[in-house]
Amino acid sequence: MNAISKLEALMSAPKTHKVVTSYADGRVREHLTASMAHAENFATGERRKVGLKLISRETGKEVTVVSVSIAAL
């Protein structure tokens with residue numbers, strides 16, 4: 001199995017969990033994942049940002065991450 005076929009298999013897998021990141025300005029971002037393990041891995045990186053002031057890619061303004069949670073679909 002080469003890298004391309006592995007990526008295709010991951011992309012076609014049904015999404016079972018989502019990581020929800022909330023920002024102080026009221027925005028919410030969702031990241032869909034194929035397993036709880038993938039969701040935990042993504043959420044770990046997002047949780048490192050809680051309380052930090054970041055630059056929004058959409059607006060270019062400062063935003064603060066308020067919370068990160070994982071939900072089953």
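Which residue takes a positive phi in the hairpin of strand 3 and strand 4? In this predicted model, that residue is G60, with a phi near 80 degrees, and the hairpin has six residues between its two strands. The strands themselves run antiparallel and are joined by three bridges. One of the pairs to look for is L54, whose bridge partner in strand 4 is V63.

Zooming out, the sheet is open and has four strands, ordered 2-1-4-3, with antiparallel pairing. Strand 2 (28-33) and strand 3 (53-55) sit at the edges with a single partner strand each, so one side of each has no neighbour in the sheet. On average, neighbouring strands are turned by 40 degrees against each other, if direction is ignored. As a general point, strands of a sheet pair through backbone hydrogen bonds, in either a parallel or an antiparallel way.

Now for strand 1. With strand 4 (residues 62-72), strand 1 (residues 17-23) makes an antiparallel pairing over seven bridges. Two positions help to fix the register: V19 stands opposite I70, and H17 has A72 as its bridge partner. With strand 2, strand 1 again pairs in the antiparallel sense, this time over six bridges, and here V20 faces E30. Strands 1 and 2 also make up a hairpin with four residues between them, and G26 in that turn has a positive phi of about 100 degrees.

Is strand 1 enclosed or open, and why? Seven of its seven residues are buried, so strand 1 is largely enclosed by the rest of the structure. H17, V19, T21 and Y23 point one way from the strand, while K18, V20 and S22 point the other way, and all are buried. Part of the setting comes from helix 2 (residues 36-47), which lies across strand 1, strand 2 and strand 4 and runs at about 160 degrees to strand 4.

H17, a residue of strand 1, gives a close-up of this region. H17 counts as buried because its relative accessible area is 15%, against a cut-off of under 20%. Leaving out neighbours within four places in sequence, its contacts include H31, L32 and T33, along with M36, A39, I70 and A72. For M36, 19 residues away along the chain, the C-alpha separation from H17 is 6.2 Å.

R27 makes a useful counterpoint, placed in the loop between strand 1 and strand 2. With a relative accessible area of 25%, R27 is partly exposed. Setting aside residues up to four places away in sequence, R27 touches T21, S22, S56, E58 and V63. Its C-alpha atom is 9.6 Å from that of V65, although the two positions lie 38 residues apart in sequence numbering.

That leaves the pockets. The largest one has a volume of about 280 Å³. Of the 16 residues that line it, Y23, R29, E46, K49 and R57 are the closest to its centre. Strand 1, strand 2, helix 2 and strand 3 are the elements that give two or more residues to this lining. By residue class, the lining splits into six nonpolar, three polar and seven charged residues.

Definitions and conventions: Residues are numbered from 1 along each chain as its sequence is written. This is a predicted model: local features need pLDDT of at least 70, side-chain atom pairs count only at pLDDT 80 or more; totals for chains, interfaces and linings use all residues. Side-chain values use heavy atoms; hydrogens and water are left out. Two strands pair if DSSP finds at least two bridges between them. Axes are lines fitted to C-alpha atoms, for helices over the stretch in contact, and angles run from 0 to 180 degrees between N-to-C directions. Contact means heavy atoms within 4.5 Å. On a 1 Å grid over the protein atoms alone, a cavity is a set of points where a 1.4 Å probe fits but cannot get out, and a pocket is an open set with protein on both sides within 12 Å along at least five of seven lines; lining residues have an atom within 4 Å of a point. Grid points are joined across faces, edges and corners, and a volume is the space filled by probe spheres set on the points. Ala, Val, Leu, Ile, Met, Phe, Trp, Tyr, Cys and Pro count as nonpolar, Asp, Glu, Lys and Arg as charged, and the others, Gly among them, as polar. Buried means under 20% relative accessible area, exposed over 50%, partly exposed in between (1.4 Å probe, protein chains only).
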